[in-house]
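Okay, thanks for coming, everyone. I'd like to walk you through one model today, so have a look at the screen and then we'll go through it piece by piece.

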Amino acid sequence: MSSPVVSASDPGNRSTLRGFCEVSDIPRQLCDIVLQIEKDYDLSIELLGVKLRMLGAHQLQNAVTATCAALCLNKQGWSLSSGAIRTGLESAFLLGRTQILSSEEANLLGVSGATILLDGAHTKESARALANTVQMTFPKAKMVLVVAMANDKDHLGFARELISVGDLDAVFSTEVDIAGAKSRMASASLLKCAWVNASREMNMKVLDLKVAESEDQSLQAAGIVKSQSILLAEGSLLACIRAGVKVLNERTGEQPGIIVVTGSLHIVSAVLGYLHS
C-alpha cells in the first residue's frame, strides 16, 4: 500500500469531449485530453483534438486512465512520446463496443446503405451508457433495436434504460446461442414481454407486429407508418435486422436512422460470424 496512487478522476484532469467527426465514414469522438496531476506522481500532458474510435463519455474516461498509465510508465524509465500516446489512443478499438459496421459489411448482411451499430451491453448500467452514447453520436436519428440476451440478465432493467431513448421506433427480439448452447438463452417472447412491461411503466404505446420474418409484408397495410407507437416483434437475427431497416425506411423518410444490435456479446459474435462466413 506504499505504492503511488494515480486517479484519472483527479481534479487535475481537465479532459473534455468536444464533439464528433468522421474518419473514412466512421464516427469518432473529438476529445481534448489535458492532465496536470500532482499527487504522488507529477503527471502532465496536453493532447488536443484526439479522435477516439471508441465512443461515449465512459470511453473518454477510459482513454484518460490509459494516458495516466502511459505517463506512469515514463516515470519508471519508459520513453513514450506524446505522439505515441495519441496514436495508441486513436488506434484503440474493441469489437462489439459501439462498433459501427462499414458500408461493405452492411451489404453483406443484405441491408445496403443502413447504419448498424453493434454493442455488447447486457446490464442496465451498460445499457444506460449505450443510450447516452447513441444520443450524443446520432442526436437526430431514429433508432431500431435488435436484442438477444442470456436468461440470467435483468431484462426489464435493460429495457427501461433504452426504451426512453428519444427516437426509438421499434424493438426486435431474437435468439442466439449463449456460450455455444441454448440452455442460457432467453426466449424472444420473454424479451418482448420485458419491453412491453417497461413501456407500460413509462406510459408509452407499443404495437405488437408478432413476427418479423416476412420481408414482403407491407408496413403500410396496417397503418404502421403513421403510428406513433413503438413497434415490437420477434424473429431470427437476420430477419430482425432486415425488418428493422424496412421500418426505418418506411417511417423516417429523409430522417437518418440507425440499427443497434445489443443485449449480449453473443449476438455481436453472431453478426460478425455472418460477415465472415
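Let's start with a facing pair: valine 34 is opposite glutamate 46, which belongs to strand 3. Before I go on, the small print: this is a predicted model, where local features need pLDDT of at least 70 and side-chain atom pairs count only at pLDDT 80 or more, while totals for chains, interfaces and linings use all residues. Residues are numbered from 1 along each chain as its sequence is written, and side-chain values use heavy atoms, with hydrogens and water left out.

When I say strand, I mean a DSSP run of E of at least two residues, and a helix is a run of H or I of at least four, both numbered from the N terminus. Two strands pair if DSSP finds at least two bridges between them.

So, strand 2 and strand 3, residues 43-52, are antiparallel partners with 8 bridges. Cysteine 31 faces valine 50 of strand 3. The two strands make a hairpin with 5 residues in between, and aspartate 40 in that turn has a positive phi of about 65 degrees.

Now the other neighbour. Strand 1, residues 16-23, also pairs with strand 2 in the antiparallel sense, over 7 bridges. Here threonine 16 sits opposite aspartate 32 of strand 2. This hairpin has 2 residues between its strands, with serine 24 in the turn at a positive phi of about 55 degrees.

Is strand 2 largely enclosed or not, and why? Strand 2 covers residues 26-37, and 10 of its 12 residues are buried, so the rest of the structure largely encloses it. Buried means under 20% relative accessible area, exposed means over 50%, and partly exposed is in between, using a 1.4 Å probe and protein chains only.

Next, two more positive phi values. Threonine 98 isn't a glycine, yet its phi is positive at about 45 degrees. You'll find threonine 98 in the loop between helix 2 (82-91) and strand 4 (99-100), and it counts as buried because its relative accessibility is 6%. Asparagine 203, also not a glycine, has a positive phi near 55 degrees. Its loop runs between helix 6 (188-201) and strand 8 (206-211), and asparagine 203 counts as exposed because its relative accessibility is 73%.

One more loop: glycine 110 lies between helix 3 and strand 5 (116-118). Its C-alpha is 7.3 Å from that of arginine 242, although the two are 132 residues apart along the chain.

What about rings? The charged end of arginine 53 sits over the ring of phenylalanine 93, 4.1 Å from the ring centre. To count, CZ of Arg or NZ of Lys has to be within 6 Å of the ring centre and within 35 degrees of the ring normal.

Last stop, the largest pocket, which is lined by 18 residues, with Glu22, Asp25, Pro27, Ile100 and Thr115 nearest its centre. Strand 1, strand 2 and helix 3 (103-108) each give two or more residues to that lining. A pocket here is an open set of points on a 1 Å grid over the protein atoms alone, where a 1.4 Å probe fits, with protein on both sides within 12 Å along at least five of seven lines; lining residues have an atom within 4 Å of a point.
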